[in-house]
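Open the model in your viewer and keep the selection panel handy. We will walk through it one selection at a time, with a note on what to look for at each stop.

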Amino acid sequence: MIPSRFDYVAPSTLDDAVTLLREHGGEAKVLSGGQSLIPMLKLRLAAPTVLVDIGRIDGLEYIEERDEALHIGALAREADLEQSAIVRDRYPLLYDTARVIADPIVRNSATICGNVAHGDPGNDHPATMIALDASFVLRGPNGTRTVAARDFFVGLFTTALEADEILTEVVIPAPAPRSGGAYFKLERKVGDFATAAVAAQVTLDTNGTCQRAGIGLTNVGPTPIRATNAEAFLQNKPLDAGTIAEASTLAASAAEPVADRRGTEGYKRDLIRVLTSRALTLAARRARGETSNRGR
Amino acid sequence: MSTHDITVTVNGQTHSAEVESRLLLVHFIRENLRLTGTHIGCDTSHCGACTVIVDGRPVKSCTMFAVQADGRAVRTVEGLEVAGALHPVQAGFKEEHGLQCGFCTPGMMMTATALLESNASPSEGEIRSAISGNLCRCTGYTNIVKAIQHAAATIRATKTETPARGVAAPGKAATTA
């Protein structure tokens with residue numbers, strides 16, 4: 001399959017990239033890892049007249065902790081996330097997620113920022129970023145602005161990004177003591193989108209009571225869904241089997257799945273209940289230090 | 001439409017060409033360079049038949065534009081054999097019958113090669129995980145895993161003896177190492 005014709009430009013700075021996007025209005029698309037965009041171009045689901053390849057811009061591959069947060073640059077790859085010691089040791093939800101995105105070869109090219117900016121509710125990082133209370137740095141002609149993950153996903157393939165903006169960085173708050181997270185995804189085979197998946201991040205106090213819970217749902221609606229009802233319910237409750245079961249039922253009620261070849265609406269809703277239960281249970285065990293962040 | 005002058009190193013040899021923006025790397029490799037060992041399978045980034053190594057990492061060449069490879073080093077299946085000697089991965093596939101129809105084999109071997117360059121002693125689980133983006137519809141994967149284990153044993157044995165590359169494969173006993 002061969003894409004429609006387009007012009008290709010590879011600027012060497014972000015400012016030049018933004019200028020190019022502004023010049024071309026909505027006709028240009030940003031190319032980074034290309035693992036979502038290039039298949040869409042080949043299937044001619046997208047036919048931009050210009051591709052602005054940010055892959056030649058230096059200094060955007062970082063994954064580093066500073067100022068009480070993890071910063072992920074626009075060109076950091078999923079494979080880099082898997083290989084990052086900081087991510088493995090301190091951000092288990094992120095590590096869990098990176099390992100189940102697409103397949104290992106795709107992850108060598110695919111970028112975290114691209115996964116988020118694409119706005120596909122079937123992508124895995126959006127739910128993760130919502131659960132982690134992450135925010136995104138958007139660079140445009142008038143400088144940068146920061147948008148919280150929970151406000152970023154507007155509709156199907158629609159985000160808060162303007163046509164002349166680039167998502168240049170993901171910022172994730174450093175985990176408080178006694179925090180843990182986990183991602184559970186059911187997929188038919190490696191490389192498939194999730195039938196459904198759940199991201200959970202919890203912080204406990206010294207008595208084991210839940211101080212904060214973040215729960216994001218993948219591929220059960222037009223956008224990734226934040227299960228606010230379940231999050232609120234868990235506030236100031238012990239994370240035991242009973243409260244986890246109740247929160248899981250609430251999360252399932254927040255899902256808006258539609259039937260497709262991966263399953264019926266009811267099946268997917270119940271899957272969210274089961275996966276939420278598993279994700280919260282493992283997140284709590286990790287928060288208590290009962291299991292390593294890499295083990296299950 | 002725009003065209004671009006690119007220079008790509010493929011299997012150690014430098015190639016310069018003028019390419020259209022939309023030319024995919026796999027088409028550049030197969031049609032411009034006539035290196036047809038790299039296969040086009042699903043053409044949708046699922047099957048991995050088109051896997052090549054770009055700057056040390058395996059990528060699906062159906063999901064990368066040739067212009068993105070400008071200035072980079074690409075390795076294809078044709079680059080595995082050195083001076084008439086099979087690469088240990090090729091020898092492993094031969095010895096362990098790691099293929100039937102052979103369609104997935106070039107991509108499978110490039111993924112295996114990159115794996116063994118970063119991890120000379122992968123567990124069976126690590127091998128299966130590494131090749132999970134390469135589909136084979138014939139073998140059921142068992143012999144592919146054995147082939148990669150065979151290659152790993154050869155590479156480890158070679159490293160302890162001499163730094164030479166592309167040695168003949170050892171006997172089957174080595175696969176249990």
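Start by colouring chain A by its domains: domain 1 (7-54), domain 2 (63-173) and domain 3 (179-287), with bounds that come from an automatic or database domain assignment. The C-alpha centres of domain 1 and domain 3 of chain A are 35 Å apart.

A word on what you are looking at: this is a predicted model, in which local features need pLDDT of at least 70 and side-chain atom pairs count only at pLDDT 80 or more, while totals for chains, interfaces and linings use all residues. Residues are numbered from 1 along each chain as its sequence is written, and chains are lettered from A and ligands numbered from 1 in the order in which they are written.

**Stop 1: a covered helix in chain A**

Select helix H5 (residues 92-99) of chain A. Helices (H or I, at least four residues) and strands (E, at least two) are DSSP runs, numbered from the N terminus. How many of the eight residues of this helix are buried? Seven are, and H5(A) is mostly covered. Here a residue is buried if 20 or more other C-beta atoms lie within 10 Å of its own, exposed if 12 or fewer, and partly exposed in between, with C-beta atoms placed from the backbone. Show A:Pro92, A:Leu93, A:Leu94, A:Tyr95, A:Asp96, A:Thr97 and A:Ala98 as sticks to see the buried residues. Then add their packing partners in chain A, among them helix H8 (125-131), strand S12 (196-204) and helix H12 (265-287).

**Stop 2: where the chains meet**

Now show both chains: 21 residues of chain A are in contact with 24 residues of chain B, contact meaning that the C-beta atoms of two residues, placed from the backbone, lie within 7 Å. On the chain A side, strand S1 (7-9), helix H2 (37-42) and helix H6 (104-109) each give two or more residues. H6(A) provides the largest share, five residues. Colour that side of chain A by class and you will find 11 nonpolar, six polar and four charged residues. Ala, Val, Leu, Ile, Met, Phe, Trp, Tyr, Cys and Pro count as nonpolar, Asp, Glu, Lys and Arg as charged, and the others, Gly among them, as polar.

**Stop 3: the domains of chain B**

Next, isolate chain B and select domain 1 (3-79) and domain 2 (88-176). Their C-alpha centres are separated by 23 Å, and 15 residues of domain 1 of chain B are in contact with 12 of domain 2 of chain B. On the domain 1 side, strand S3 (51-54) and strand S4 (57-60) of chain B each supply at least two residues, with S3(B) giving the largest share, three residues.

**Stop 4: helix crossings in chain B**

Pick helix H2 (residues 88-95) and helix H3 (residues 105-118) of chain B, whose axes are 9 Å apart at an angle of about 125°. Axes are lines fitted to C-alpha atoms, for helices over the stretch in contact, and angles run from 0 to 180 degrees between N-to-C directions. B:Val89, B:Gln90 and B:Phe93 in H2(B) meet B:Thr105, B:Met109, B:Ala112, B:Thr113 and B:Leu116 in H3(B). By class, this contact of H2(B) with H3(B) has five nonpolar, three polar and no charged residues.

Finally, keep H3(B) and add helix H5 (residues 142-161) of chain B: the axes come within 11 Å and cross at roughly 40°. Zoom in on B:Met108, B:Ala112 and B:Leu116 in H3(B), which meet B:Ile144, B:Ile148, B:Ala151, B:Ala152 and B:Ile155 in H5(B). The contact of H3(B) with H5(B) has eight nonpolar, no polar and no charged residues.
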